[in-house]
Number of protein chains: 2
Amino acid sequence: MHSWVDGQPADTSSLRDRGLAYGDGLFETIAVKSGRPQLLERHLQRLAEGCRRLALTADQSLIRSEVLAYAAALGDGVLKLILTRGDSLRGYAADPAATARRILLGSAFPIYPPAHAEEGVRLFPCATRLSEQPLLAGLKHLNRLEQVLARAEWRDAEHAEGLMLDAAERVVEGVFSNLFLISQGRLLTADLSRCGVAGVMRAEILFQAESQGIPTQVADISLVQLEQADEVFVCNSVYGIWPVRACAGMSWSAGPLTRKLQVITRALLDA
Amino acid sequence: MHSWVDGQPADTSSLRDRGLAYGDGLFETIAVKSGRPQLLERHLQRLAEGCRRLALTADQSLIRSEVLAYAAALGDGVLKLILTRGDSLRGYAADPAATARRILLGSAFPIYPPAHAEEGVRLFPCATRLSEQPLLAGLKHLNRLEQVLARAEWRDAEHAEGLMLDAAERVVEGVFSNLFLISQGRLLTADLSRCGVAGVMRAEILFQAESQGIPTQVADISLVQLEQADEVFVCNSVYGIWPVRACAGMSWSAGPLTRKLQVITRALLDA
């Protein structure tokens, strides 16, 4: 179906858009099932937080109603919402009165091999490191060259995702996923206050685990901790959870806790 | 005048452009005088280096001829060239066979107060720090949220530019300029191997200084070195050189070496 720009069907946007010029904006990638955007409240919550941190003025209730209307028209697939700070003629200074441009794009649901979820995936150990920028950490903003470079490191189908570390060799996330470790029954995911994208599914899994009485921790993760983990999985709001079976010389088995959370997230995405 | 996309007049570009989605591309901002793009070889050289480092396939001779044709039509003003990795449907993986999309935008020459060049400018001491990413350092790529955040720190006309440090408090550059110090007759500018944009005018000034027998150095710069410098100036390929007279509690006078280089760069931009 057609894309929308500020609520109107369109396939193009202004060449002066600050999203193109500077990556001055945010995005959300939302799974849509039977016309319903999944995990919508979490997506909107993260977007509003991003708007606050980037001082991007946007009508959040208008965004909500457009996402609902677009999703209803899309049916099944993936809805991508891009918010930019509108146009600029030249220069980094923005008009403080500018309101965000809303871009909605639809695409078919990606088809992943069922083995990814069933048997687990192998991660490519990316050499590209995430840089530390506390002002942008956690946000799903449009400055994504690190992910582009990391994703270009492998092309074979053997690796379904990549593992990204920061410059201090801390284990942070996947290229398009967050990462969880399970050690002695406890769920551990990286602290994203210096770098990384705070995924909607990551937040939902932390919430679900706590609801189930599973201990959780958000902290820095070392490669040793990764290697010694009992179970490892990656997650995002489109595919849910994939167990990780290997990365470089390390290997793990999909254990009971991963399977339990996988059932929960699958139910959420299929709701 | 109209913008061009891949050589054709256009005012919009695809919503699926990776430049918009990820900032996956590069740009150049070129001064145009009487139809001639100034410092063209240096701009094209940096662009080609950026293409190489981002593995962006582009026809460099086609870019050259389009820039020349567009500049001739523009007459006087600023030509902005954006190169993106074309369209993507979804996901960070790029088609390895993709060639870059060429976007050319023209605008009027910005009008700066003559006092900027004559009496010098005051720099705003930005709190936004530049993050370290050696894979992207030096490139004029489209991931510019740090500059957007830094430029939003001040709105008064008293500050013509901002001073940006890295996370280790090293002095790196302006928000849209490079920075030079002059101490005991020697020209010093920051090493940009960890962060920063290696400006075309910075390269030209280093070249011109060496041609004139002025000693130059590219190295890390501390705040103490900045404070103790005899002269300080900022530069870019549109306005040339502005002496810096103050930043926070520090102050300097525009000295003879700044004035000498200012004459040289003015002649280059007016050529």
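Colleague: What makes residues of chain A and chain B part of the contact, and how many does each give?
Modeller: Contact means heavy atoms within 4.5 Å; on that basis 58 residues from chain A and 58 residues from chain B take part. This is a predicted model, where local features need pLDDT of at least 70 and side-chain atom pairs pLDDT 80 or more, while totals for chains, interfaces and linings use all residues. Residues are numbered from 1 along each chain, chains are lettered from A in the order written, and side-chain values use heavy atoms, without hydrogens and water.

Colleague: What is the area buried between chain A and chain B?
Modeller: About 4500 Å², with 65% from carbon and sulfur atoms. Buried area is the accessible area (1.4 Å probe) lost when two parts are put together, so the value is a sum over both. On the chain A side, A:Leu15, A:Arg90 and A:Tyr92 supply 19% of what chain A buries against chain B, more than any other three residues.

Colleague: How many salt bridges cross the interface of chain A and chain B?
Modeller: The rule asks for a side-chain nitrogen of Lys or Arg within 4 Å of a carboxyl oxygen of Asp or Glu, and finds 0 across this interface.

Colleague: Why are E3(A) and strand E3 of chain B called paired?
Modeller: Strands (DSSP runs of E, at least two residues) pair if DSSP finds at least two bridges between them. Here 3 bridges join E3(A) to E3 (residues 12-14) of chain B, so the antiparallel strands meet the rule. Within this pairing, A:Ser14 stands opposite B:Thr12.

Methods: Helix = DSSP H or I, 4+ residues; strand = E, 2+ residues; numbered from the N terminus.
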